[in-house]
Amino acid sequence: MAQNRNAVAADFQVWLGSTVWPKAQRAGVSRSTFETALSGVTPKWDLPDLVIPGERADTTQRQAEFRPPAGYFAAGSLNTNANTGRQLMQRHAQTLARIERQTGVPAQIIVAIWGRESSFGNARIPHNAFQILSTKGFLSTRASYFTNELIAALQMVERGYASPAAMKSSWAGALGQPQFMPSNYLKYAADGNGDGRADIWGSADDTLASIGAYLRDHGWSAGRDWGFEVNVPNTVSCAMEGPHQARRISDWAAMGITRVNGRSFPAAEARENGFLLMPAGRYGPAFVVTSNFTVLKAYNESDVYALFVGHVGDRMRYGVGGFNSGWSALDSFARSDVRAMQQKLEAQGYDVGGADGLIGNKTRGAIGAWQTRNGMAATCYPNRAMLAAIAQQ
Ligand SMILES: [Ca+2]
């Protein structure tokens, strides 16, 4: 293996010179910037999901699990995030008020994302972005994506935004406290403290302004909430969830859906569209969410991520307690087993939103419809017995 890796490392150096340098040059990067950032950089072999020529592929991805939402919402983590975030909202109140005026994004949403991405700047972000991005550009399953991000990182240095040594990233190549990929830094990084630079590693103000700019430019609607925890009566099927079944929030209310805190939906929200979200089907809390929930998913394409941010934000801002309904402990599944179930459901004509091994809203809706057709009460979340039954059909 050592011999093979020496050969791959030599090919890596050739690739930097023959593929990356011409692309960088066309993107306006000087030779001296290229060499400063990449001289001495070697592949980082221990990254996940590498495809190393001459070696067996890493099977981690294929064995990946789909875990139920409960683990994402551990009470301790929610409390810690809400308490720390509340203090930081006070410490940065002036900056956050200015950002809210400029972007329309409320302080608690920005601070909740900061907490999720980097524990409010306390997470260790130890890697050299150039080593991560070049390794993944040469050896990962998404090579062209990471090569383009490597070019964007070089442009950041070329334009004087950061020195190569300062450009610390996660193992996935995401930079600094807001965890921006380099192309997102070029589009959205903002100066929150007025020193003329967007320092997303060292400056909390710049981090907060950058998160606000990102959400504004992805369509955040000023004045709208992200969503509301609700009670869904049994007369409304859990199979009605998902953005493709959005309707006016007043229509949901007319169907008997109520907020868990007993208050009515704000009049301005009632006139607008919302959609039903039940990440654990009937086994966890339910929500009516707005277009701003979809904007949060632009930061991280995951319902539970967006829900974490919205919920923790509410706790910081309004002091609300935990979810009204608890998250039941549910079975975890190998993604390959979920995919097999999805393919069976597709063969029966159900729309699962693509057989991707994830239990997203269309898959949950398809499960609810399958349960109803097979004479069961719809729960919209699978268990092992159901997977076995569907496999038999
Ligand atoms: Ca700054």
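This report describes the domains, a calcium site, a pocket and one helix residue of a predicted model.

## Domains

The protein chain is divided into two parts by the domain assignment. Domain 1 is made of residues 2-59 together with residues 126-175, and domain 2 covers residues 333-392. Between the C-alpha centres of domain 1 and domain 2 the distance is 40 Å.

## The calcium site

The calcium ion is coordinated by side-chain oxygens of Asp 191 (OD), Asn 193 (OD1), Asp 195 (OD) and Asp 206 (OD), the last of these listed twice, and by the O atom of Arg 197. These contacts run from 2.2 to 2.7 Å. The site has 6 donor atoms, the angles among them range from 53 to 161°, and its geometry is irregular. Along the sequence, the donor residues follow the spacing D-x1-N-x1-D-x1-R-x8-D.

Asp 191 and Asp 206 link distant parts of the chain, being 15 residues apart. Asp 191 sits in the loop between helix 8 (182-188) and helix 9 (204-217), while Asp 206 belongs to helix 9. Are these two residues buried or exposed? Asp 191 has a relative accessible area of 32% and is partly exposed. Asp 206 has a relative accessibility of 0%, so Asp 206 counts as buried, the cut-off for buried being under 20%.

## The second largest pocket

The second largest pocket holds about 720 Å³ of space. Its lining is formed by 30 residues, and those nearest the centre of the pocket are Asp 225, Phe 228, Arg 259, Asp 314 and Tyr 318. Helix 5 (107-118), strand 4 (227-231) and helix 13 (303-318) are the elements that each give two or more residues to this lining. Which element gives the largest share of the lining? Helix 13 does, with 4 residues.

By residue class, the lining of the second largest pocket consists of 12 nonpolar, 9 polar and 9 charged residues.

## Pro 22 in helix 1

Pro 22 lies in helix 1, which spans residues 2-26. With a relative accessibility of 26%, Pro 22 counts as partly exposed, because that class lies between the cut-offs of 20% and 50%. Pro 22 is separated from Ser 32 by 10 residues in sequence, and in space the two are 14 Å apart from C-alpha to C-alpha.

Conventions: Residues are numbered from 1 along each chain as its sequence is written. This is a predicted model: local features need pLDDT of at least 70, side-chain atom pairs count only at pLDDT 80 or more; totals for chains, interfaces and linings use all residues. Side-chain values use heavy atoms; hydrogens and water are left out. On a 1 Å grid over the protein atoms alone, a cavity is a set of points where a 1.4 Å probe fits but cannot get out, and a pocket is an open set with protein on both sides within 12 Å along at least five of seven lines; lining residues have an atom within 4 Å of a point. Grid points are joined across faces, edges and corners, and a volume is the space filled by probe spheres set on the points. Ala, Val, Leu, Ile, Met, Phe, Trp, Tyr, Cys and Pro count as nonpolar, Asp, Glu, Lys and Arg as charged, and the others, Gly among them, as polar. Donors are N, O and S atoms within 2.8 Å of the metal (3.2 Å for Na, K and Ca); water is not among the atoms, so sites may look incomplete. Four donors count as tetrahedral if all angles lie between 85 and 135 degrees; four count as square planar and six as octahedral if opposite donors are over 155 degrees apart and all others between 65 and 115; anything else is irregular. Buried means under 20% relative accessible area, exposed over 50%, partly exposed in between (1.4 Å probe, protein chains only). Domain bounds come from an automatic or database domain assignment.
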